[in-house]
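Got the viewer open? Let's take a short walk through this chain, one selection at a time.

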Amino acid sequence: NRLYSIMDLSHYQFANAGQFDAEFLGRESTLLLSENPLSVDRAALSVLNTQRKELGFIERKAKKLLLFQYAKELGLGDVQKAEIYDVQ
C-alpha cells in the first residue's frame with residue numbers, strides 16, 4: 001500500500017493567511033502529489049512565492065519557515081533536498 005499527499009491548486013490564498021481576503025486569491029490547474037507531504041508543501045510554496053512577487057510581497061524562504069525546520073528536527077526529511085518533478 002502507498003499513501004500520498006495531494007494538494008489542489010485550483011484555488012489558493014497567497015497572502016493575509018490570518019483571514020480570508022479575496023484580493024490575494026490565486027488559481028492554477030495543478031495537482032501536486034507526493035509520498036512525502038513536505039515535498040507537496042515545498043512545491044506549493046514555489047507557486048505561492050510567484051504570486052507574492054507579482055504583487056510586491058516578500059518571498060517566503062523554505063529554510064526559514066518553522067514548518068520545514070520542525071519537520072527536519074523530527075526526522076521527516078530535509079525539504080531543501082527534496083526532488084520535485086513536473087509531470088504533464
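The tour goes from the whole chain to a pair of helices and then to a pocket.

Before you click on anything, keep in mind that this is a predicted model. Start with the whole chain in cartoon view: you should find two helices and four strands. Follow the chain from the N terminus and the elements come in the order β-β-β-β-α-α. For a sense of scale, the C-alpha atoms fill a box of roughly 40 × 30 × 20 Å along the principal axes.

Next, select residues 37–54, which make up helix α1, and add residues 66–73, which make up helix α2. Two packed helices are described by the angle between their axes and the distance between the axes. Here the axes come within 11 Å and cross at roughly 155 degrees. Angles over 145 degrees count as roughly antiparallel, so that is how α1 sits relative to α2. The crossing of the two is left-handed.

Which residues make the contact between α1 and α2? Show side chains for Leu38, Asp41, Arg42 and Leu45 on α1, then for Leu67, Phe68 and Ala71 on α2. Color them by type and this contact divides into five nonpolar and two charged residues, with no polar ones.

Now leave the helix pair and turn to a pocket. Rolling a probe the size of a water molecule over the atoms shows where empty space is left. The stop here is the second largest pocket, with a volume of about 160 Å³. To see its lining, select Gln13, Phe14, Ala15, Asn16, Ala17, Leu45, Leu48, Arg52 and Arg60. Which element gives the most to this lining? That's helix α1, with three residues. Color the lining by type as well: five of its residues are nonpolar, two polar and two charged.

Before you finish, click on Leu45 once more: this residue of α1 takes part in the contact with α2 and also lines the second largest pocket.

Technical notes. Residues numbered from 1 in each chain as written. Predicted model: local features only at pLDDT ≥ 70, side-chain atom pairs only at ≥ 80, totals over all residues. Heavy atoms only, no water. 1 Å grid on protein atoms, 1.4 Å probe; cavity = no way out; pocket = protein on both sides within 12 Å on 5 of 7 lines; lining within 4 Å. Points joined across faces, edges and corners; volume = space filled by probe spheres on them. Nonpolar A, V, L, I, M, F, W, Y, C, P; charged D, E, K, R; others polar. Axes fitted to C-alpha atoms, helices over the stretch in contact; angles between N-to-C directions. Parallel < 35°, antiparallel > 145°, perpendicular 65-115°, else oblique. Left-handed = near helix turned anticlockwise from the far one by under 90°. Contact = heavy atoms within 4.5 Å.
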